[in-house]
Each structure stands twice: as structure tokens, then as C-alpha cells.
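Student: I've got a two-chain model open and I'd like to learn how to read it. Can you walk me through it?

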Amino acid sequence: MFDYGYYLRKEKFPHIWCAGCGDGTVLKAMLRAIHNLQLSKDEVVVVSGIGCSSRTPGYVDFNTLHTTHGRALTFATGIKLSKPHLKVIVVSGDGDGTAIGGNHFIHAARRNIDITMILYNNYIYGMTGGQASPTTPLGAFASTAPYGSIESNFNVSRLAEAAGATFVARGTAYHAAQLDRLIEKGIRNKGFSLIEVIVQCPTAFGRRNRYRNTLDMLHWQKEHAVPVQVAAKMSPEEMNGKFTTGVLVDKSRPEFTDLYEQLIDRVRTPR
Amino acid sequence: MFVQGNHACVLGALRAGCRFFAGYPITPSSEIMEILASELPKIGGKFIQMEDEIAAMGAVIGASLTGLKAMTATSGPGFSLKQENIGYAAMAEIPCVVVNVQRGGPSTGLPTQSSQADVQQARWGTHGDHEIIVLAPSTIPEIYTTTIWAFNYAERFRTPVILLLDEIIGHMREMLKIPPDDEIELWDRPRPECEPGDYRPYQMVDTDIPPMADFGSGYRYHVTGLCHDETGFPTNDPQIIDRVMRRLTRKISRYRDQIYRSRESNLEGSEIVLFSYGSTARAAKQAMDLLRREKLNVGLFRPVTIWPFPEEQVRKIARASRHIIVCEANMGQIVREVERISCSQTNVHLVNSMNGEPVTPSQIMEQVKEVY
């Protein structure tokens, strides 16, 4: 039995998440990944912005930083560039990471800075009460989309890929057993890694969108997730409304802090 | 050496131990970023041009958390964008230096012309109650030393420090004689000596400034912009919040005397005192010199520390003078503070300019002669 307690700040429980929320599932997967990589607690930094997912750092026993809304990647960039040996993990949500923080998201990917971003995608602003986010599906209901959203949604993983992320993976809270392996690979990648995790928000999203309960939402994840290898053999019609899971991008490109160290060597060594 | 004000700021920062800079291009501060892009890698320091002003402020705070002395530089619109994260640094007590080379505003305003219209924003730009230290040098040698003091204060008091330059002194060139080592004091942030297990990052200590551990140094702790207790974790307990907020104010206010920096000339026996700062103080100095040649008794008080405001000094001047003439390049921002503190004990006047042109010595002399 995995000892989560070793990595948790148990005195900070109970957590603030609602019953049925998927965020705790991602937190546990992150801890298993860190354990599998045998990282010391002192070398791990977990940075977040604002939102439900961004409360994760408070519960885990690392160097933890809860920053301003959307800006986690900027603080994380300062930390990583200053001390490249630290393992920097950013936890964020769909609103925090791709709306107010969207600019930082694409630029961290472009720089290929060695930060692992775990983006909890629940299709909604949970903490502020269910407003529409950039990933709220077209037609879905939110407190600010009472007649159904008329905006198209971001495909977060493809956005990261297009911006230059060298590792991109998608998982779900339902497929919890796969999640730690995806996060582990993300941390292992020397460069910017995104792990998008589809999580259920029964309180703010499910309630408004005709899911009877958490189980309903987990079933939805199970039925709509298609492993990327399987999806490759399916027609666009068959994939309609579904999403791919697993490792979507895994490639190599020079990493920012490595390039910076090389730059230091170059300007210090007279030619 | 003959250098530009922005260059002197860089030299002061490097002398103070600045090893991290994040910025975003903006006129008239860009030279600071450009020179540091070239100089920091040579000494193993870190430089990054971020995707926007907000990101630059965030990166500076992140770097400071790992123990590096860190700075950013900007101007008007960029200063507005940085305000939320400046408040974060105040709340979480992260040392950092923010240079604002002022230009005309509001909005895009006058990108290439000078102004001192951010002096109240520097005090109250971010939301919520907070103390802040704001410094405004007047000469190129003073930019060098004041930049060092900006780092010293940021580190010692665990606070953001705003260094207010303006387009005139940022781009002007003067002789700078680099002071020898024994004339330079360098301060560092207090760091913990206790066992990591006993460390409380926001502990109530006698000095009101709790030691700060570097991220990754074995002291694992939590930092948040939420109201927090001594352990750094969020709290809604009114008693704890009261204690922390009062400490945050007290940790600056009780050290006012160490933070005040000012220059005085001919205050003794002068019934008319000019009050000016930054580039405008240069015109005030010139006006005073010319007026004194005409045997008019005029003095000059020139605060370098603008915030906390030099209340005691102004009170003293108000009691001893007939007129205080505030000279500043805005619609009248610091004059309000002078009026408030002097409590009608003297006559307070404003000589100003807000159209991109500097306040001139003749403008000031005219006002002096009118009231003399």
C-alpha cells in the first residue's frame, strides 16, 4: 500500500474540495509519480495560481507556492531559471491556465523550459461558482452561459503542442491508474510538459449539465476517452465528441535553462 | 565614467548583488533591460525577457524565493500591469526591486517624455492596505547609490521597493565616480538558523521581520497571497489576520528613521522652502541658487525617500517657514501630502508641469518672487 501520508501535510486536512471532486485523484497520482521518480521532498517545488486545483500545493509537503490568478508559470519560470536543479511542477485549471494565464502557457511551451504543468480540466470555473471557461464545450451550461455556451472551446493539449511543448499527455480522473505514469513521464521529460487531466466537477459543471451524480460524470470520462493508439484507427466520425488519451507528444528539443547555462559558458570563455 | 541614468541604475544593481532580472520592453526604461541582458550572464546571473509585464514581475518574485536578489524595470503602462504581483510581494514578504522610469500618462500617454505622475500610484497602486518603500533620486551618482539602497531595504525589510526614476534622469548623462567598497553598505535578508522542522516563515519576531528561507534549501514551507498565519497557511481567523496585518505595517513604519534619505540646503533661516524630488529637484536647486544670489532667503528640502513620507521633517519645515513651494511634474500629487502634514501652519503652493516639458527654474523663481 502506497504511503501517501509521507508526502501530505495531514494537519491541513480536511481539504476544501467538494464531495465527488476529481482534484484529489490527480493529487494522489502526482504523489505516486514523484515517489516513483524517487525525488527528494526538498528538491520538488509545486506552484499554483488561483482556483480549486490551485489549492493542491497547500496539502503536499514540498516547497509550495500559491501565486496570483493565472500567473503560476511566471513565478515557476523565475524559480527554475534561478535554480535549474529544482523539479518544478505547476498545477493549474482550465480557467487559470488557459484564460487569464493563456499567454504564459503558450510562452512557457515555446521556451521549452523544464516545467511540468498538470492542468486539471473540469470545463468550468469551480471556485467562483460555475462560470464558463475556455474549455466549456459549445452548448454546455454555466452560470454565465445560462442559455448554453456560444463560444468554441480550446483543445488544451493541441494548444500546448502547437506552442512547442515537448511532452503532452491527456488522462482522466477515471483512468487514475494511468495518470501517475503520464505525470512521471512528464517530469522525466527535459522541457515543457503538459499533462491535461479531465476531472469531474459535480458541483459547478455536473449539476448544470444533466449529470445525476459523480458516477455519471466518471462514466462519461470512461466512455469518451479513446487511447491514442486506438484513435489512430478510427474515422473522424467515430471520434466525434470523444477525446484521445495517453502520450500525445513526446519529442526532444533544446531546453531553456540548459541553453542559458551554455550561454553563460560562452560569454565567460574568451574566444 | 560618463553614463546615462538607466546605466547607473544597472551598475548600482549589480554592485548591490542583483543576480536576476526579468523584464519586458518599454520606453523609457528599456536600456536597463538591454544592459543587464549583456552583463548578467558574464557573472553567472540570470536574465529573461518575459512575454509581458505581469510575467516579468512574477518571475522576479519566483527568483527571489530561491534566494537571489532580483529586479525588474518598467515604465507607466507596465507599472500599472505589475501592480497585482507587487501586492503579492508585499503580502508574502518577498524582497524585490521595481524600477519605474516615469513617462507621461495616463494610458500610453507620452512614451518618450518625462513625468512624475506615478508617485501616488507607487504608494497605492496595488489593492489593499500595505506599506511600501519608494525612492526617487535626482542625479546620476545618486541613482547609483539609491539603487543599492533599494536592494538593501528590500532585503532587510522583506518588501518590494519601488525605485522611481523619470525619463529625464533615466536618459540624462552625468559623471559617475564609483564609490570605493568601504563607502558601500550591503544588506542581506534575514535567513533562518533554526532546524527546518521548527521553521515558521511568518513568525512573530522581535524585529517584526521573520527570517526567510530559500526555496530548495531544506526548509519546506508554503507561500500564499491569501491572509495567512505564522506557518504561511491560509486563515480566516480575524485575530490572526489582525496581528499579521499590523505587523506588515509596523515592520516598515517602525524603521522609518533607517529608511528616510533626504538632502537639505539652506533650511536654516529660510522663510521660503522649495520641496522637490527626482529630476524636478534639479530645477528647484538651480532656482534656489539664483534666488540666493539675489539675496532672497530660499531653502530646499529634497526627499529621496518619498514613501514612507518624511512627515516629521515636513512638520518641522512647516513650523519654521512662511511658504512651502512644492515643485513636481504632475497635476499636484505630493503637494497634497505636504498640505496634509503642514496642517495650515504654512502656505503651501504648487509649481508644476504635466505636458511632457520639465518644470523650469524660472517658473519656480516667479512663484517665489510672487509670495516673497
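Tutor: Sure, and let's begin with pairing: two strands count as paired if DSSP finds at least two bridges between them. Keep in mind that this is a predicted model. Now try that rule where the chains meet: β2(A) and β10(B) are parallel partners, joined over three bridges.

Student: Which residue in β10(B) is the bridge partner of Thr64(A)?

Tutor: That's His222(B). Put those two on screen and you have a handle on the strand pair that links the chains.

Student: What is the order of the strands in the open sheet that holds this pair?

Tutor: Read from one side to the other, it goes β9(A)-β10(A)-β7(A)-β8(A)-β4(A)-β3(A)-β1(A)-β2(A)-β10(B). That makes nine strands, with mixed pairing.

Student: Which strands stand at the edges, and why is one side of each left without a neighbour?

Tutor: The edge strands are β9 (225-227) of chain A and β10 (222-224) of chain B; each has a single partner strand, so its other side has no neighbour in the sheet. On average, neighbouring strands here are turned by 20° against each other, ignoring direction.

Student: How many bridges join β4(A) to β8(A)?

Tutor: Six, between residues 115-121 and residues 193-198 of chain A, and the two strands run parallel. To find your place, look for Thr116(A), which sits opposite Ser193(A) in β8(A).

Student: Which helix packs on this sheet?

Tutor: Look at α8 (residues 214-224) of chain A. It touches β7 (167-172), β8, β9 and β10 (243-250) of chain A, and its direction makes about 35° with that of β9(A).

Student: Back to where the chains meet. How many residues of chain A are in contact with chain B?

Tutor: For this you need a cut-off: residues are in contact if their C-beta atoms, placed from the backbone, lie within 7 Å. By that rule, 34 residues of chain A touch 34 residues of chain B. On the chain A side, β2 (63-66), α2 (72-82), α4 (102-111) and α11 (256-268) each supply at least two residues. The largest share, eight residues, comes from α2(A). By type, the chain A side splits into 13 nonpolar, 13 polar and eight charged residues.

Student: What about helix pairs? At what angle do α1(A) and α6(A) pack?

Tutor: For a helix pair, check the angle, the spacing and the handedness. Here α1 (residues 23-36) and α6 (residues 176-188) of chain A pack at about 50°, with axes 8 Å apart. The two helices are therefore oblique to each other, and α1(A) passes α6(A) in a right-handed crossing. Residues on the α1(A) side include Val26(A), Ala29(A) and Arg32(A), while the α6(A) side includes Leu179(A), Asp180(A) and Ile183(A). Eight of the contact residues are nonpolar, two polar and three charged.

Student: And at what angle do α1(B) and α6(B) pack?

Tutor: About 35°, with the axes 8 Å apart; the helices cover residues 5-16 and 140-157 of chain B. The crossing of α1(B) past α6(B) is right-handed. Among the residues that meet are Ala8(B), Leu11(B) and Arg15(B) from α1(B), and Ile143(B), Tyr144(B) and Phe151(B) from α6(B). This contact divides into ten nonpolar, four polar and one charged.

Student: Chain B also has an open sheet of five strands. What is its order?

Tutor: It runs β11-β13-β12-β15-β16, and again the pairing is mixed. Inside it, β12 (residues 272-276) and β13 (residues 298-303) of chain B pair in the parallel sense over four bridges. Phe275(B) stands opposite Phe301(B) in β13(B). Helix α10 (residues 280-293) of chain B packs on this sheet, and its direction makes about 165° with that of β13(B).

Student: Last one: how do I read the overall build of each chain?

Tutor: Count the elements, then look at the radius of gyration. Chain A has eleven helices and ten strands; its 18 Å agrees with the value near 18 Å for a compact globule of 271 residues. Chain B has 13 helices and 16 strands. Its radius of gyration is 21 Å, close to the 21 Å that the globule rule gives for 372 residues, so chain B is as compact as a globular protein of that length.

Key:
Residues numbered from 1 in each chain as written. Chains lettered and ligands numbered in written order. Predicted model: local features only at pLDDT ≥ 70, side-chain atom pairs only at ≥ 80, totals over all residues. Axes fitted to C-alpha atoms, helices over the stretch in contact; angles between N-to-C directions. Left-handed = near helix turned anticlockwise from the far one by under 90°. Contact = placed C-beta atoms within 7 Å. Nonpolar A, V, L, I, M, F, W, Y, C, P; charged D, E, K, R; others polar. Parallel < 35°, antiparallel > 145°, perpendicular 65-115°, else oblique. Rg over C-alpha atoms; globule rule 2.2 N^0.38 Å.
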